[in-house]
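Colleague: Could you take me on a close look at the open and enclosed spaces in this model, and then at what packs around them? I'd like one connected walk rather than a list.

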Amino acid sequence: MMEPSPTLTPEIDIPALDGLFNVQGLRVFLPGGYGAIGEAISWGFARHGAHVAIAGPNATKASALAQRIRDSGGLAEGFGMNARDTAQIATVTDEVAETLGGIDVLVNCVGINKEQKFADVSAEIFDEMYETNLRSAMFLSQSVARHQIAAGKGGRQIHLASVRSQLALRNRGYSAYCATKGALVMLVKQHAMELAPYGITVNGIAPTFIQSDRIRPHLERAEFRDFILERNPLGRIGSPVEVVGQVIALAAPAGSYITGQTIYVDGGVTASQ
């Protein structure tokens with residue numbers, strides 16, 4: 001007679017538990033990786049043993065950050081790339097794959113915001129934000145997926161979105177920003193479905209206002225700072241490190257069964273609006 005199992009769960013894979021957040025040796029492509037949050041993500045992966053490729057329109061900035069990471073003992077490369085240029089996306093993605101020996105993870109940190117009130121929205125600025133925030137994500141994903149599919153080992157793709165993908169903002173000119181970030185969340189879902197047969201997961205990370213030089217001038221205005229803090233259930237501004245943790249979790253084995261999702265790193269803002 002077979003002895004009854006002492007537990008209702010399958011046998012636990014202890015080594016798998018030990019490696020849940022291991023990104024050692026992963027080859028990570030980070031377009032926009034020297035920006036406000038992108039730099040923190042680049043450092044985070046490098047400090048945990050990944051080999052990072054940082055790209056952006058300012059090749060000097062990308063290379064300088066890569067050098068600082070190397071000086072600290074990490075593995076990093078810098079590339080110049082205009083994410084609004086689809087031909088450049090393809091070319092630089094190929095260069096990154098050749099330099100790193102492949103691409104395991106895409107972390108798309110590309111994004112801009114140029115405020116224009118409703119009556120003042122221009123086609124020029126709207127198109128610039130569409131090309132930067134949304135179209136670039138399409139072709140970065142496509143270019144990286146080609147390498148991941150050819151390698152036959154699956155992969156991860158992570159896009160930085162925003163709470164503005166779900167929430168509008170009163171008294172501000174956010175038409176283009178909200179539209180492009182909202183569309184990005186839907187793009188994540190569709191790419192997740194199309195790439196799932198290849199073992200490639202696609203997810204989004206959507207922060208609210210995070211401490212950075214970019215938002216410091218806004219937070220120095222008492223009225224705006226108080227407005228942000230009052231509507232945040234945790235009552236504080238988030239740290240870039242708190243965004244990095246969620247990105248690493250999605251790239252690591254811990255994120256292997258998550259796809260098509262957007263995680264809001266926002267202190268509870270979207271849960272309470």
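Modeller: Let's go straight to the largest pocket, which holds about 1,100 Å³ of space. Keep in mind that this is a predicted model. Lining that pocket are 41 residues, and the closest to its centre are Gly-111, Ile-112, Asn-113, Tyr-177 and Arg-214. If you'd rather think in elements, β2, α5 (123-151) and α6 (175-195) each give two or more residues to the lining. As for chemistry, the lining has 19 nonpolar residues, 13 polar ones and nine charged ones.

Two of those central names are good threads to pull. Take Ile-112 to begin with: Ile-112 is among the residues touched by Glu-128. Glu-128 sits in helix α5. Is Glu-128 buried or exposed? With a relative accessible area of 15%, Glu-128 is buried, because the cut-off for that is under 20%. Setting aside residues up to four places away in sequence, Glu-128 touches Arg-84, Ile-112 and Lys-114. So if you're clicking through side chains, Glu-128 is a charged residue with two basic-looking names to check in its contact list, Arg-84 and Lys-114.The other thread is Tyr-177. Tyr-177 is one of the residues closest to the centre of the largest pocket, and Tyr-177 also lines the largest cavity. That cavity has a volume of about 40 Å³. Besides Tyr-177, its lining includes Lys-114, Gln-116, Val-121, Ile-125, Met-129, Gly-173, Ser-175 and Ala-176. You'll recognise Lys-114 from the contacts of Glu-128. Both α5 and α6 supply at least two residues of the cavity lining, with the largest share, three residues, coming from α6. By class, this lining has five nonpolar, three polar and one charged residues.

Stay with Tyr-177 a moment longer, as it has an aromatic partner. The model has one aromatic pair. Tyr-174 and Tyr-177 form an edge-to-face pair, because their ring centres are 5.6 Å apart and their planes lie at 80 degrees. Tyr-174 is buried, at a relative accessible area of 9%, and Tyr-177 counts as buried too, at 15%.

The structure holds two cavities of 30 Å³ or more. The second largest has about 30 Å³ of space, and Thr-208, Phe-209, Ile-228, Arg-231, Asn-232 and Val-269 line it. Three of those residues are nonpolar, two polar and one charged.

Back to the open spaces, the second largest pocket has a volume of about 200 Å³. Its lining is made of Leu-169, Arg-170, Asn-171, Arg-172, Arg-221, Glu-223, Phe-224 and Phe-227. Here the split is three nonpolar, one polar and four charged.

Now for the packed parts. In soluble globular proteins, nonpolar side chains tend to be buried together. The largest nonpolar core here has 32 residues, and Val-28, Ile-41, Phe-45, Val-52 and Val-107 touch the most other members. Two or more residues come from each of β1 (27-31), α2 (38-47), β2 (51-56), α3 (59-71), β4 (105-108), β5 (155-160) and α9 (240-251). Of these, α9 gives the most, with six residues. You may remember β2 from the lining of the largest pocket.

Val-28 is a handy place to look at this core up close. Leaving out neighbours within four places in sequence, Val-28 is in contact with Phe-45, Ala-50, His-51, Val-52, Ala-53, Leu-100, Val-105 and Val-107. One of those contacts, Ala-53, belongs to a second, separate core of 16 residues, which also includes Phe-79, Ile-103 and Leu-140.

One last stop is Gly-154, in the loop between α5 and β5. Gly-154 counts as buried, at 14% relative accessibility. Not counting residues up to four places away in sequence, Gly-154 touches Gln-148, Tyr-198, Gly-199 and Ile-200. Gly-154 and Gly-199 are 45 residues apart in sequence, yet their C-alpha atoms are 4.3 Å apart in space.

Terms used:
Residues numbered from 1 in each chain as written. Predicted model: local features only at pLDDT ≥ 70, side-chain atom pairs only at ≥ 80, totals over all residues. Heavy atoms only, no water. Core = buried A, V, L, I, M, F, W, Y, C linked by side-chain atoms within 4.5 Å. Buried < 20%, exposed > 50% of the residue type's maximum accessible area, 1.4 Å probe, protein only. Helix = DSSP H or I, 4+ residues; strand = E, 2+ residues; numbered from the N terminus. Contact = heavy atoms within 4.5 Å. 1 Å grid on protein atoms, 1.4 Å probe; cavity = no way out; pocket = protein on both sides within 12 Å on 5 of 7 lines; lining within 4 Å. Points joined across faces, edges and corners; volume = space filled by probe spheres on them. Phe/Tyr/Trp six-rings, centres within 6.5 Å; stacked < 30°, edge-to-face > 60°.
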